[in-house]
Number of protein chains: 2
Amino acid sequence: MSNIREVADLAGVSVATVSRTLQQPELVSPKTRAKVTRAIEQLNYKPNLMAVKFRSGKTHNIVVLVPTVANVFFARVIRGMQEAAAAEGYSLLLVNTMGDNATEQNYARMIHTSQADGVVQLRAFNPFNDIDADEQGLLPMVNACEILDTPQCPTVSLDNRLAAAAMTEHLVELGHQHIAMIKGPASSPLTRERMLGFKDALQEAGLKYCEELMFDGDFTLQSGYDAADRILSQSHTVSAIFCENDEMALGAISRLKAAGLRIPQDISVSGFDNIAFAKFSDPPLTTIAQPAEEFGETAINLLIDVLKGKAKRAVKVILPYQLIIRNSTGPAPAQPVNLTR
Amino acid sequence: MSNIREVADLAGVSVATVSRTLQQPELVSPKTRAKVTRAIEQLNYKPNLMAVKFRSGKTHNIVVLVPTVANVFFARVIRGMQEAAAAEGYSLLLVNTMGDNATEQNYARMIHTSQADGVVQLRAFNPFNDIDADEQGLLPMVNACEILDTPQCPTVSLDNRLAAAAMTEHLVELGHQHIAMIKGPASSPLTRERMLGFKDALQEAGLKYCEELMFDGDFTLQSGYDAADRILSQSHTVSAIFCENDEMALGAISRLKAAGLRIPQDISVSGFDNIAFAKFSDPPLTTIAQPAEEFGETAINLLIDVLKGKAKRAVKVILPYQLIIRNSTGPAPAQPVNLTR
DNA sequence: ACAATAAATGTTATCGGTTACATTGTTATC
DNA sequence: GATAACAATGTAACCGATAACATTTATTGT
């Protein structure tokens with residue numbers, strides 16, 4: 001591998017001139033520029049960017065802590081990040097953390113070992129919770145999707161509470177009185193927010209909130225299936241199920257159909273996220289659309305602002321949601337349907 | 001940010017001793033080791049890994065060219081890579097290339113600018129096709145999933161031809177005589193291989209291969225939906241559709257159901273990949289399971305072998321597939337079903 | 001033609017580690 | 001007690017680029 005000195009020797013100039021030819025060509029006379037360019041081509045010289053990064057102290061790397069890349073929603077967020085990062089000359093170091101705190105702490109430390117300039121956290125866990133930070137001003141971290149309640153961290157989120165209320169309102173308007181909810185893990189703020197929105201709307205409609213109609217899930221298809229199974233064996237009056245994401249909704253539908261129930265005639269099901277599969281399921285899923293790519297794009301841009309010192313204080317961006325009504329939700333049945341078959 | 005010199009000063013030793021304390025502690029006396037350790041803690045010293053990488057010439061970064069992270073199958077492959085890489089101290093630089101050749105060439109060049117040690121390519125395109133290579137021996141690149149026909153590149157793949165033949169055989173055994181196929185993009189070798197396997201099995205069964213029963217798709221849900229639409233309007237004798245991936249199969253099922261067809265009573269549909277959704281679709285999808293995580297893991301391990309100089313020649317690994325029979329395929333209807341409703 | 005100024009190019013310290021080699025200190029052997 | 005052998009530690013070159021500063025060359029004005 002050739003280096004800048006070999007190029008300088010071959011071109012008969014100094015290393016500074018070679019460097020300038022590449023960085024600020026306007027400072028170099030056309031004649032020498034040509035000589036240098038020719039030498040670069042002749043040697044097939046490529047600058048060692050590791051040396052540049054080391055010297056400049058800027059890596060142009062961003063660590064992204066992804067709970068699981070296997071999630072379709074995150075895949076879209078990643079795409080948005082990728083594009084925004086590439087546009088600004090940054091590379092992403094994607095880490096599939098499986099929601100493990102220790103793993104996230106380890107990888108977040110890459111900004112301390114000069115392997116990355118900043119961190120994007122997609123989960124509501126502060127990987128820097130064990131250290132100082134406060135007096136240091138803004139840490140180079142932004143938080144997207146799940147809201148982390150650290151005031152000094154820029155955040156991109158959805159008003160999950162409002163969105164969940166909108167969905168609940170939709171179900172209430174269809175006449176549903178006994179609505180079950182399949183929740184995400186209790187540790188997730190998303191779950192809390194969406195549950196609060198659910199409660200808000202029930203109260204608004206004068207309906208009673210029942211703890212027994214809340215079922216646990218973990219955002220996977222299988223957990224939706226399992227939760228629906230429990231609903232069938234426990235709650236015989238339910239006419240609608242509000243799932244906190246589309247995967248669980250599709251899993252639940254699978255179980256309900258296996259029990260011979262018709263959707264939405266016998267029971268309505270709604271999701272959250274509007275993943276690609278939602279439109280093609282049977283029936284197509286009523287859900288909340290989130291601007292996933294925009295989440296990623298905004299997160300990266302906020303981070304770059306922080307890195308450039310542009311961000312004076314933590315910005316909190318809230319992106320719009322959209323209620324997408326398809327055919328998995330319909331009017332509540334006139335007569336209670338027997339769920340145990 | 002403190003550096004090794006400050007640590008050395010505080011501990012009252014030389015920088016070499018500090019370096020040794022971290023790299024080969026057995027060479028340092030317990031007494032000095034303690035002094036150094038204390039100084040490191042006191043200053044909260046973290047070695048600048050960018051400097052280490054620069055000095056050593058090894059980045060421990062691997063560029064992964066992913067056609068699209070939004071694909072559920074690739075998400076699993078990525079997870080496998082992530083784990084294998086972490087175990088060996090490597091980080092992944094994931095790039096969502098959208099199948100763009102120029103983008104892939106650009107990012108693959110990171111190994112020439114010392115930003116990465118090697119490349120994993122998940123698509124059948126050689127990003128180094130424009131340069132020398134041959135005489136250089138093994139380039140630090142491995143190819144997974146889609147087979148790239150460069151003999152000097154280690155590869156992990158499935159015997160797609162055999163797997164497609166197995167699926168076709170399954171359909172033939174159920175009595176299907178007119179089988180349509182929804183293909184991937186013609187540019188993809190996967191498509192060619194699976195088509196050849198399809199032909200093989202038809203020939204084996206003494207059935208005729210019909211060009212008119214081949215329909216184009218691009219591995220997305222929507223393209224499966226659209227292809228099914230064309231099948232309905234053009235081919236009235238088809239009793240089974242073999243889709244080259246699960247997404248297209250699910251898209252096709254959506255369209256067929258919209259036409260009032262029952263699956264598999266009226267028409268059978270099969271997929272390829274066994275993504276998580278396949279099990280929960282209605283009906284559950286008959287498909288080919290691929291060991292996606294193992295693809296990723298094997299790819300990374302092969303690459304690390306190449307990087308360590310262990311690999312003398314290009315290894316070609318072929319992983320096993322599994323035919324998963326669910327309920328989207330069934331006996332061919334006794335009477336031809338009218339597809340145009 | 002000559003000083004003053006601007007443009008082009010050169011010299012070299014520097015970033016933060018690693019490591020070959022040099023030096024000093026310690027223990028073992030006869 | 002002298003010397004060899006080894007352990008512990010120190011010194012300084014080095015990786016490849018950048019950029020502050022120094023120096024040379026070209027241009028301008030009078």
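Which residue follows H8(A), and is its phi positive or negative? The residue is A:Gly206, and its phi is positive, near 75°.

This is a predicted model, in which local features need pLDDT of at least 70, side-chain atom pairs count only at pLDDT 80 or more, and totals for chains, interfaces and linings use all residues. Residues are numbered from 1 along each chain as its sequence is written, chains are lettered from A and ligands numbered from 1 in the order in which they are written, and side-chain values use heavy atoms, with hydrogens and water left out.

**Helix H8 of chain A**

Helices (H or I, at least four residues) and strands (E, at least two) are DSSP runs, numbered from the N terminus. Helix H8 of chain A covers residues 189–204, and its 16 residues should span 22 Å at 1.5 Å a residue; the end C-alpha atoms are 22 Å apart, which agrees. The expected span of a helix is 1.5 Å times one less than its number of residues.

At the start of H8(A), a side-chain oxygen of A:Ser188 reaches to within 3.1 Å of the backbone nitrogen of A:Leu190. Buried residues of this helix include A:Leu190, A:Arg194, A:Phe198 and A:Leu202, where buried means under 20% relative accessible area, exposed over 50%, and partly exposed in between (1.4 Å probe, protein chains only). An α-helix has 3.6 residues a turn, so residues three or four places apart point the same way. Among the elements that cover the buried residues of H8(A) are helix H7 (160–173) and strand S6 (179–183) of chain A.

**The two protein chains**

Two copies of a chain are related by a rotation about an axis and a shift along it. Here, a rotation of 180° with 0.0 Å of shift along its axis superposes chain B on chain A, with an RMSD of 0.1 Å. That is the relation of a two-fold axis. Copies are superposed by least squares on the C-alpha atoms of residues with pLDDT of at least 70 in both. Of the residues of chain B, B:Leu93 comes closest to the rotation axis, its C-alpha lying at 2.5 Å. The copies meet through the same surface, because 100% of the interface residues of chain B are also interface residues in chain A.

**The DNA strands**

A residue is near a strand if one of its heavy atoms lies within 4 Å of it. Around DNA strand D there are 26 residues, and A:Ile4, A:Ser19, A:Arg55, B:Thr32 and B:Arg55 come nearest. Sugar and phosphate account for 52% of the atoms of DNA strand D that come within 4 Å of the protein. DNA strand C is likewise surrounded by 26 residues, the closest being A:Ser14, A:Thr32, B:Ile4, B:Ser19 and B:Arg55. For DNA strand C, sugar and phosphate make up 50% of the atoms within 4 Å of the protein.

A polar contact is a pair of N or O atoms within 3.5 Å; within protein, one must be able to donate a hydrogen and the other to accept it, and residues adjacent in sequence count only if both atoms are side-chain atoms. The table gives contacts with the DNA.

| Residue and part | DNA atom | Distance |
|---|---|---|
| B:Arg20, side chain | base nitrogen, strand D | 3.0 Å |
| B:Ser29, backbone | phosphate oxygen, strand D | 3.0 Å |
| B:Arg55, side chain | base oxygen, strand D | 2.9 Å |
| A:Arg20, side chain | base nitrogen, strand C | 3.0 Å |
| B:Ser19, side chain | phosphate oxygen, strand C | 2.7 Å |
| B:Asn48, backbone | phosphate oxygen, strand C | 3.2 Å |

A:Thr32 belongs to helix H3 (residues 30–43) of chain A. This residue, A:Thr32, is buried, with a relative accessible area of 18%. Its side chain makes a polar contact of 2.5 Å with the side chain of A:Ser29.

Definitions and conventions: Contact means heavy atoms within 4.5 Å.
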